[in-house]
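Got your viewer ready? Here is a short walk through the model, with one selection at each stop.

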Amino acid sequence: MTTSYNSYYLTAHFFGEPYPALIEFFANYPVRGKLLDMGCGQGRDAIPLARLGYDVLGLDSSKVGIEQMEAVARKENIKLRGQVCDIYAFNDFEGVKAVLFDSIFHFLKKDLKKETDLIYQTIKALDVGCIIAFCIPISGKKLKILNEILATIDSLERLLDKKIKYVFHDKKSNQSTEMDYQIVIVKKKNV
């Protein structure tokens with residue numbers, strides 16, 4: 001999979017702009033601090049979040065995407081760094097105030113356990129008060145599965161549950177696709 005993303009990322013801003021509703025939520029959220037962008041790609045979300053004052057660590061398996069994101073960070077002198085890694089093996093959540101999962105969960109049968117375990121392990125590792133943001137396509141059973149997983153965790157409070165439109169434009173083929181997405185943001189609380 002990494003190889004294909006490296007080839008996608010040869011096109012600048014391959015997946016387009018961040019979702020305005022996501023950036024608006026984080027712009028208005030009163031707590032800043034360390035934010036993990038799990039599966040950050042080229043920094044579509046990480047860059048504008050760092051511009052808002054978050055101290056962002058973007059994690060991705062694509063070296064090409066990380067290098068592009070870090071070039072922007074150096075140019076703009078924003079608190080953003082990248083790390084090429086397997087997000088399923090990442091375990092350094094010390095001081096983290098927010099975690100973002102944008103479009104990385106597909107909940108296919110072969111990946112369901114691994115993806116579910118990542119959600120549970122991440123939430124368990126976070127301190128009370130941390131927020132976790134999910135951006136997920138409303139296709140198949142993805143949103144239903146995510147909601148079922150989140151419903152099993154008593155220590156979560158929903159802060160945002162918003163349907164949005166995502167328009168993907170492939171510059172090479174000049175084709176556009178419009179998809180419905182859901183932004184779900186939860187906060188870890190005491191039980």
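Begin by selecting K144 and A151 in helix α6, which are exposed on one side of that helix. Keep in mind along the way that this is a predicted model. Now select the residues of α6, 142-151, that are buried: K142, L143, I145, L146, I149 and L150. Their directions span an arc of only 160 degrees around the axis, so they sit on the same side of α6. Looking down the axis should help here, because an α-helix has 3.6 residues a turn and residues three or four places apart point the same way.

Stay with one member of that buried set, K142, which lies in helix α6. Which side chain of opposite charge is nearest to K142? That is E115, at 8.9 Å, and K142 has no salt bridge even though this lysine is buried. Show the surroundings of K142 next: leaving aside residues up to four places away in sequence, K142 touches F105, H106, F107, I136 and P137.

Two of those contacts lead to the aromatic stop. Select F105 and F107, both of which are buried. How many aromatic pairs does the model hold? The count is eleven. F105 and F107 make a stacked pair, because their ring centres are 5.6 Å apart and the planes meet at 5 degrees, where under 30 degrees counts as stacked. For a group of rings, select F25, F26, Y29 and Y54, which ring pairs link into a cluster.

Next, look for charges over rings. Select K114 and Y88: K114 lies over the face of Y88, 4.4 Å from the ring centre. Then select R44 and Y19, where R44 lies over the ring face of Y19 at 4.7 Å from the centre.

Keep R44 selected and add D102. The two side chains meet in a salt bridge, at 2.7 Å from N to O. D102 belongs to strand β4 (residues 96-102), while R44 is in the loop between β1 (34-38) and α3 (46-51), so this pair ties together parts that are 58 residues apart in sequence. Are the two partners buried or exposed? D102 counts as buried at 7% relative accessibility, and R44 is buried too, with a relative accessible area of 15%.

The salt bridges number ten in total, so there are further ones to visit. Select K110 and D111, whose side chains meet in a salt bridge at 3.2 Å, N to O. Colouring by accessibility brings out a contrast here: K110 counts as exposed at 68% relative accessibility, whereas D111 is buried, with a relative accessible area of 14%.

Move along to helix α5 (residues 112-125) and select D117 and K113, which lie four residues apart, about one turn of the helix. Their closest N and O atoms are 2.7 Å apart in a salt bridge. D117 counts as partly exposed, at 26% relative accessibility, and K113 is exposed, with a relative accessible area of 61%. For the last stop, select K163, K165, E178 and D180, which salt bridges with shared partners join into one network.

Conventions: Residues numbered from 1 in each chain as written. Predicted model: local features only at pLDDT ≥ 70, side-chain atom pairs only at ≥ 80, totals over all residues. Heavy atoms only, no water. Phe/Tyr/Trp six-rings, centres within 6.5 Å; stacked < 30°, edge-to-face > 60°. Buried < 20%, exposed > 50% of the residue type's maximum accessible area, 1.4 Å probe, protein only. Lys NZ or Arg CZ within 6 Å of the ring centre and 35° of its normal. Helix = DSSP H or I, 4+ residues; strand = E, 2+ residues; numbered from the N terminus. Arc of directions from axis to C-beta. Lys, Arg positive; Asp, Glu negative; His and termini not counted. Salt bridge = Lys/Arg side-chain N within 4 Å of Asp/Glu carboxyl O. Contact = heavy atoms within 4.5 Å.
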